[in-house]
Amino acid sequence: MNIKQQDPIGQAILDFTKSKKPFDIIVNADMCDDDIIPIETLFRSFEEMPPMEQDAMQLCRGKILDVGACAGPHSRYLSDSGFNVTAIDTSPGAILYLNEIGINAHQVDFFEFNPKEQFDTILMLMNGIGIAGTIDNIERTLEKAKSLLKPGGQLICDSSDVKFLYEEEDGSFWMNLNAAYYGEFKFKMNYKKIEGPWFNWLYIDYDKLHMAAKKCGFKSSKIADQDHHYLAHLILS
Ligand SMILES: C[S@@+](CC[C@H](N)C(=O)[O-])C[C@H]1O[C@@H](n2cnc3c(N)ncnc32)[C@H](O)[C@@H]1O
């Protein structure tokens, strides 16, 4: 893959580590306004992580798989704390950087990752369960996670209930919430003149995640909940 043409997030990581000049990553969305990911947030330290992510770090145990690790704030913290960590990401630039800093990292799509070993903990953070893309794909995503976990293993992930985006001042909703699932988005990343492809990303409310988790053999609980955003803890039962 030509990194410069197709890997905005990876190129942003590699540029920032060399130049330390902060250029934002712009995220285009189909259903809401464009957003910005300040590059420094991808390099956050434990102290700079939101409390929910700090909680997630405290729950980690055993062999850890960091899915969609990006610049690896969690992989780095956990490796430094003595854990055995494997990181995966589809971004070639992110993997190049993670290998440079000594993280065991592989450029592979989560759905195609077939390692010889299984893990005690899978992390999917920064709305990481969004990797499912669509609500129809959530069970396949949880089944894939299950296949990568040892018996009794755990999946720690976060997401948001984005219903509030469609709420009017009078409490009614301008979108028919029963038509399509309201948490399905399409995004595109841009960095300088480098444009990535459009991709599907899912924001799932906790009840829907809980139901799918139960169907797939996980016991789930909500660890924290703030401003529509929550941290979920799924344990294989
Ligand atoms: C929003 S970033 C999250 C970064 C990181 N977890 C953090 O908390 O800073 C999402 C990452 O997931 C990666 N990604 C998206 N789809 C993926 C897939 N199917 N398999 C592996 N990685 C994926 C992207 O390349 C990106 O680096």
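**Close-up 1. Helices α6 and α7 cross at roughly 50°.** In this predicted model, α6 covers residues 138–148 and α7 covers residues 206–215. Their axes come within 9 Å. An angle from 35 to 65 degrees counts as oblique, so α6 is oblique to α7. The crossing is right-handed. From α6, the contact takes in Ile 138, Glu 139 and Leu 142. From α7, Leu 209, Ala 212, Ala 213 and Lys 215 take part. By class, five residues of this contact are nonpolar and two are charged. No polar residue belongs to the contact of α6 with α7.

**Close-up 2. Helices α2 and α5 meet in a left-handed crossing.** Helix α2 runs over residues 8–19, and helix α5 over residues 92–100. The two axes come within 6 Å. They cross at roughly 40°, and α2 and α5 are therefore oblique to each other. On the α2 side, the contact residues are Gly 10, Ile 13, Leu 14 and Thr 17. On the α5 side, they are Gly 93, Ala 94, Leu 96 and Tyr 97. Five residues of the contact are nonpolar and three are polar. None is charged.

**Close-up 3. Helix α3 passes helix α4 in a right-handed crossing.** Residues 51–59 form α3, and residues 73–80 form α4. The axes come within 11 Å and cross at roughly 40°. That angle makes α3 oblique to α4. Glu 53, Met 57 and Gln 58 are the α3 residues in the contact. They meet His 74, Tyr 77 and Leu 78 of α4. The contact of α3 with α4 divides into three nonpolar residues, two polar residues and one charged residue.

**Close-up 4. The ligand is surrounded by 15 residues.** The closest are Arg 44, Gly 68, Asp 89, Asp 109 and Phe 110. Asp 109 also has a polar pairing with the ligand: an N or O atom of the Asp 109 side chain is 3.1 Å from a ligand nitrogen atom.

**Close-up 5. Backbone atoms of Thr 90 and Leu 125 approach ligand nitrogen.** At Thr 90, a polar backbone atom is 3.4 Å from a nitrogen atom of the ligand. At Leu 125, a backbone N or O atom lies 3.2 Å from a nitrogen atom of the ligand. For Asp 109, by contrast, the ligand nitrogen is paired with an atom in the side chain.

Terms used
Residues numbered from 1 in each chain as written. Predicted model: local features only at pLDDT ≥ 70, side-chain atom pairs only at ≥ 80, totals over all residues. Heavy atoms only, no water. Axes fitted to C-alpha atoms, helices over the stretch in contact; angles between N-to-C directions. Helix = DSSP H or I, 4+ residues; strand = E, 2+ residues; numbered from the N terminus. Parallel < 35°, antiparallel > 145°, perpendicular 65-115°, else oblique. Left-handed = near helix turned anticlockwise from the far one by under 90°. Contact = heavy atoms within 4.5 Å. Nonpolar A, V, L, I, M, F, W, Y, C, P; charged D, E, K, R; others polar. Near = heavy atom within 4 Å. Polar contact = N/O pair within 3.5 Å; in protein donor to acceptor, adjacent residues only side chain to side chain.
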